[in-house]
Structure formats: C-alpha cells, structure tokens
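Visitor: Please take me through one part of this model in close-up. I would like to start from a single side chain and work outwards.

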Amino acid sequence: MSEAMTRRRPKESSAASAEPAPPLAILFELSHRCPLQCPYCSNPLALERARGELDTAAWMRVLDEANDLGVLQVHFSGGEPTVRKDLEDLVAHAARLGLYTNLITSGVLIDRARLERLAEAGLDHLQLSIQDSDPAEADRIGGYTGGHERKMALAAWVEEIGLALTVNAPVHRHNLERLEDIIELALSLGAGRLEVAHVQYYGWGLKNRAALLPTRAQLERATKIVEAARERLKGTMVFDYVVPDYYARRPKACMGGWARQFINVTPSGQVMPCHAAETIPGLDFDNVKDRPLSEIWRESQAFTRFRGTAWMPEPCQSCDQREIDWGGCRCQALAIAGDAAATDPACARSSDHEALLALAEAESHAPAPAFAYRRFSAAD
C-alpha cells in the first residue's frame, strides 16, 4: 500500500473498545451492470438493475459522510463503474475531500478521452482486471469478444497519462498454466502492482467452483512462480498474492477482520462489512438512504454481529490467532459448514476442515463443467 493511500490513518482501537476505529476504505459498488460475464464475479447472483441504483446526489452525500467518518480511500467498483455517466463528478468530489481515489475496472468501456477526464477530475489510481495472457482465452473467460485488446489499449493510455496502475489477475484452473506469461504481461504494461488472486468462492465464484478450483499441485506451482517473481522484480513491481482458502491450514482475516477496516456500499445503498455478507441469513443491512454512515459503522447489527472476538465459538475463542485472523471468513463458514458463526473451515482446527479438503480434491480433479456466465436472468 502506497504512502498516499495510508495518510491520516488514525490509531487502531483495541479489540475490547466499544468505539471502533474509523474504517480505512470504502468500496462504492456503483452498478452491477457490466459488459463482461466473468464466471468468478463476486457480485451476488441476484444482480441490481439500473433503476435500483443510487443517484448522483446520494453517492455525493455518502462521500461526505465517509470523509467525516475518517475514511482515507474510496474505491469505485461494480460491476463496471464506468457505465455511470456521473463517475467523473464522483471522482472530483472525492478528490476535493482529500480522499485517495481508485477505479476498479474491466477497462473495456473507457476511451482515451474519458480516461483523461477522470485523471483531470483527480483519479489517483486505476486497477485493471485481466482474464489471461492469451487473448482468445481471456475473451472466453470474460465472455466478451475483443475485451483483451481493449484492456491493452487502456493500459497504454494509463502509462502515457501517468496514472498509477495495478493489474488484477484472477487465477484458476483455466489460466494458471500461463501464470508466468501473466506476470510478464503485467510488467510490460507498466504496472507498479500485480494482484495474483486465486478465485474466492462467493457469489458467481461459488456457483462456478467446480469449473474453477485448481488442484493442489497447480496451487503449489503458482506459489513458487509468484515467490520467484517477487524476488526477481523487487523494487520494480509489488505483488499481492491471494491463495484459495480451500487448501489452507489457517484462515485469513476477511477484509482485515469483519467490520474493522472496510465498508461496502451496494448499488442500491445497502451497507455491508464485505461484498458477500448479504448471503448470510439473519443479518439486518441498513441503507444509506435511511441512516447515516457513521451510525451504520458503529451500531448496525450487520457490523457488530461478528466484529471483534466476543462472538467466537471454541476453538477460536481461546486461540492465540484470534486477533490476527479475526475468525476468518463468515461467508465461507456458511457455505461449507452451514453456519456463519462456525469456525472457518479453512482452519485446521475446524471440525469441517477435512471435509473442505476432500471437496477441493474431488472437484479440482474432476472434469471442469461449462461456465455459468454472470448474466442478468430473464426474471430480474
């Protein structure tokens, strides 16, 4: 994380504090609309239509409230955020507030003129997703003909204009064999950061798990490739490496810990601790149309339910890692153990851990089924 992205960060409150520290970042899911149809999309299966999206004035107000709350970074995402004609206005408003602005985009809808307008509005950073190093495979995975070529053009413009660039490379069984080529591609595009992110199995990713989950051998090879590249490119490109929990022995802190660092606002204004939290039954999600963001952060039932450590069952409650992993992922506990309050099955101490490993072994070695592409259904 750059120095600019960490400026003004307040001191972290203790786990026992009744007043949570301000969040580091807020994710604005401006729209679920997207020209790509990636089978690992983290958006929910029930996608929000354009008519349900917050208007410009509402997003502006939420930016003001986020700034007052102490947020440092705003990430404009989707779906595809550039489908919103007011994106430049939102970036400009965030920049006026002194927030670090980051655009997370598929890159296929932006021409050079619009990129220049976004840069002039105050955009600090752009994260560009790539589906593969092979153009035909990239377009097949994204379900968008000609998408890879458009992404390459955008990356060239980003470098020419002088914006900071991160390449996001979701990896899975269909593209891991070209991981070395993906790294070289990111390097050639001038990326200062590369996120090699094994697909996480929520939303459409969970629906397509059997088609995407790599074998343990693929994972181990990928890890060696990333470690070698990280050493070779030290000082040139920073690597973020996200491994699939299905082969882990210890869980990772979901979003830095439930409701500890991040806020996610959906296109319709629901506020969540992470982008997949609405899969959990029994949580009440407040909406920015009805309640101030600061109140939601401090008091919302959805935020307080798994914040800290008091909610944890054994063996988590007595584990010396409880304030490191913060209990891992609640959505994964629900998906695998059937209980969002259960020990994350990624942990070797979970009673569901062996079942998780067996599932991963079985699905990753079976023939991959066809993708269920991310699409609005006729019923939506």
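Guide: Start at His-172. Setting aside neighbours within four places in sequence, His-172 contacts Tyr-40, Ile-141, Val-199 and Leu-212. This is a predicted model. His-172 sits in the loop between β5 (164-171) and α6 (179-188). With 0% relative accessibility, His-172 counts as buried, because the cut-off for buried is under 20%.

Now look at the nonpolar cores. The largest one has 82 residues. Ile-26, Phe-28 and Phe-76 have the most contacts inside it. Helix α1 (residues 56-69) supplies the largest share of this core, seven residues. Another core lies apart from it, with 17 residues. Tyr-40, Ile-141, Leu-213 and Tyr-246 are among the members of that other core. Two of these names are familiar: Tyr-40 and Ile-141 also touch His-172.

Follow Tyr-246 next. The model holds seven aromatic pairs. In one of them, Tyr-201 and Tyr-246 meet edge-to-face, with 5.3 Å between centres and 65° between planes. Tyr-201 is in the loop between β6 (193-198) and α7 (204-207), and Tyr-246 is in the loop between β7 (238-242) and β8 (262-265), so the pair ties together parts 45 residues apart in sequence. Tyr-201 is buried, at 4% relative accessibility. Tyr-246 is buried too, with a relative accessible area of 1%.

A further pair uses the loop between β7 and β8. Trp-258 and Phe-306 are edge-to-face, at 5.2 Å centre to centre and 85° between the planes. Trp-258 lies in the loop between β7 and β8, while Phe-306 lies in the loop between α11 (301-304) and α12 (322-325). The two are 48 residues apart, and the pair links distant parts of the chain. Trp-258 counts as buried at 6% relative accessibility. Phe-306 counts as buried at 3%.

Phe-306 has a charged partner as well. Arg-330 lies over the face of Phe-306, 5.9 Å from the ring centre. Arg-307 does likewise with Trp-297: Arg-307 lies over that ring's face, at 4.8 Å from the ring centre.

Step back to the sheet. It is open and has nine strands, in the order β7-β6-β5-β4-β3-β2-β1-β8-β9. The pairing is mixed. β7 and β9 (271-272) are the edge strands, and each pairs on one side only. Helix α9 (residues 216-232) lies across β6 and β7, and runs at about 165° to β7.

Move along the sheet to β2. Strand β2 (residues 73-77) and strand β3 (residues 100-105) run parallel, joined by four bridges. His-75 stands opposite Asn-102 in β3. Asn-102 is also one of the residues that Phe-76 touches.

Finish at Phe-76. Leaving out residues up to four places away in sequence, Phe-76 touches Phe-28, Leu-30, Pro-81, Leu-87, Leu-90, Val-91, Ala-94, Thr-101, Asn-102, Leu-103 and Ile-104. Phe-28, Trp-59 and Phe-76 form one aromatic cluster. Phe-28 and Phe-76 are also among the residues with the most contacts inside the largest core.

Key:
Residues are numbered from 1 along each chain as its sequence is written. This is a predicted model: local features need pLDDT of at least 70, side-chain atom pairs count only at pLDDT 80 or more; totals for chains, interfaces and linings use all residues. Side-chain values use heavy atoms; hydrogens and water are left out. A nonpolar core is a set of buried Ala, Val, Leu, Ile, Met, Phe, Trp, Tyr and Cys residues joined through side-chain atoms within 4.5 Å. Buried means under 20% relative accessible area, exposed over 50%, partly exposed in between (1.4 Å probe, protein chains only). Contact means heavy atoms within 4.5 Å. Rings of Phe, Tyr and Trp (its six-membered ring) pair if their centres lie within 6.5 Å; planes under 30 degrees apart count as stacked, over 60 as edge-to-face and the rest as tilted. A charge sits over a ring if NZ of Lys or CZ of Arg is within 6 Å of the ring centre and within 35 degrees of the ring normal. Two strands pair if DSSP finds at least two bridges between them. Axes are lines fitted to C-alpha atoms, for helices over the stretch in contact, and angles run from 0 to 180 degrees between N-to-C directions.
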